[in-house]
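I opened my notebook and went through this protein one look-up at a time. Here is what I wrote down, in the order I checked it.

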Amino acid sequence: MKKQLLGATLTLIIAGVYTTTWASPGHLPAWSYTAPTGPENWGDLHGEYALCSSGKVQSPIDINDATVTALAPLVFSYQPSAATVLNNGHTIQLSPTDSGSLTLASGNYSFVQMHFHTPSEESIQGRTYPMDAHLVHRNAAGELAVVALLFEEGAHNPALEVILAAMPTVAGDVVNLESIDIAAFLPASHHYYAYMGSLTTPPCAEGVRWQVLSSVVQLSSAQLRAFQALYPMNARPVQPLNGRSVHVGS
Ligand SMILES: [Zn+2]
């Protein structure tokens with residue numbers, strides 16, 4: 001009984017992601033990564049996007065001067081799951097039915113979806129990478145925790161290939177995947193930077209807990225080109241820190 005209820009809840013979450021992402025042009029203005037609807041104007045496009053310009057705790061950021069702290073280890077309890085791959089008009093988004101969860105010092109967060117940006121939105125000491133993945137998790141209170149994974153060009157990435165081979169080329173289209181294991185994307189080291197920020201797309205909502213892995217993973221140049229053929233540039237520029245501190249594990 002409990003398992004059935006959980007399944008129903010997750011289905012609703014996925015339906016919600018689908019609807020809010022794709023139905024937004026109907027009641028909220030379209031946004032993009034180029035003028036006149038690009039990041040510098042997001043905050044002016046609609047009242048619900050106001051934080052994109054007025055927010056003081058925004059993402060992404062350039063990670064510099066991190067304070068060394070005893071950060072709790074990231075505990076990934078991932079499992080293989082069926083999933084959908086959606087081209088949402090801004091990126092490719094993978095939404096598993098039940099991929100497990102992430103446990104932080106602040107509690108347990110269920111995996112909701114992952115998606116990609118090129119170039120990377122986060123930079124480390126001013127260095128940008130060709131791509132990143134954002135692994136989005138949500139706790140029972142609805143609070144978000146995102147794990148950012150940076151990619152550099154190098155070896156072919158078999159985990160990524162599952163998504164690239166399936167991704168729909170037409171915005172709004174969805175493809176079903178029989179099984180995907182999110183754990184296959186993670187580097188061996190889970191050492192990370194932590195800071196408080198926001199969604200990096202409208203409505204730029206704040207209170208998002210960010211964990212940026214310091215170990216970079218690889219993708220081949222052919223894989224990077226395959227993604228960039230659909231989305232050549234879908235990264236928000238870095239935002240001011242405004243006195244926030246960034247922590248890093250020792
Ligand atoms: Zn993202």
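**Entry 1: a helix with two sides**

I started with helix α5, residues 221-230, and found that Gln223, Leu224 and Phe227 are buried there. I looked down the axis of α5 next: its buried residues fall within an arc of 100°, so they line one face of the helix. Then I checked the face turned away from that buried side, and it carries the exposed residues Arg225 and Ala229. I kept in mind that this is a predicted model.

What do the buried residues of α5 pack against? I listed the strands β5 (92-96), β7 (107-117), β10 (131-138), β11 (144-153) and β15 (217-219), together with helix α4.

**Entry 2: the nonpolar cores**

My next stop was the largest nonpolar core, which has 39 residues. Which of them touch the most other members? I noted Leu94, Met114, Phe116, Leu135 and Phe151. Helix α4, residues 158-166, gives the most to this core, with five residues.

I also found a second, separate core of 16 residues; Ile124, Tyr193, Val208 and Val212 are among them.

I then picked out Phe116 and left aside its neighbours within four places in sequence. Its contacts include Thr91, Ile92, Met131, Asp132, Ala133 and Phe151. Leu160, Ile163, Phe227 and Asn234 are also in contact with Phe116. I was pleased to meet Phe227 again, as it is one of the buried residues of α5.

**Entry 3: the zinc ion**

Which protein atoms are the donors of the zinc ion? I wrote down NE2 of His115, NE2 of His117 and ND1 of His134, lying 2.0 to 2.1 Å from the ion. Along the sequence, the donor residues follow the spacing H-x1-H-x16-H.

Are His115 and His117 buried or exposed? His115 has 11% relative accessibility, and it counts as buried because the cut-off is under 20%. His117 is buried as well, with a relative accessible area of 2%.

**Entry 4: strand β13 and its partners**

I turned to strand β13, residues 192-198. Six of its seven residues are buried, so the strand is largely enclosed by the rest of the structure.

Which strands pair with β13? With strand β14, residues 206-213, the pairing is antiparallel over seven bridges. I found Tyr192 opposite Leu213 in β14. Strand β16, residues 247-249, is joined to β13 by two bridges, and these two strands also run antiparallel. Here Ala194 stands opposite His247 in β16.

I added a reminder for myself: in a regular strand, side chains alternate between the two faces of the sheet.

**Entry 5: aromatic pairs**

How many aromatic pairs does the structure hold? I noted eight. One of them is Trp31 with Tyr33, an edge-to-face pair at 5.7 Å centre to centre, with 80° between the planes. Both of these residues are buried. Ring pairs also link Trp31, Tyr33 and Trp42 into a cluster.

I looked up Tyr78 and Phe111 too: they form an edge-to-face pair, 5.5 Å centre to centre and with 85° between the planes. Tyr78 lies in strand β3 (residues 75-78) and Phe111 in strand β7, so this pair ties together parts that are 33 residues apart in sequence. I closed the entry by noting that Tyr78 and Phe111 are buried.

Terms used: Residues numbered from 1 in each chain as written. Predicted model: local features only at pLDDT ≥ 70, side-chain atom pairs only at ≥ 80, totals over all residues. Heavy atoms only, no water. Donors = N, O, S within 2.8 Å, 3.2 Å for Na, K, Ca; no water. Buried < 20%, exposed > 50% of the residue type's maximum accessible area, 1.4 Å probe, protein only. Core = buried A, V, L, I, M, F, W, Y, C linked by side-chain atoms within 4.5 Å. Helix = DSSP H or I, 4+ residues; strand = E, 2+ residues; numbered from the N terminus. Contact = heavy atoms within 4.5 Å. Arc of directions from axis to C-beta. Pairing = 2+ DSSP bridges. Phe/Tyr/Trp six-rings, centres within 6.5 Å; stacked < 30°, edge-to-face > 60°.
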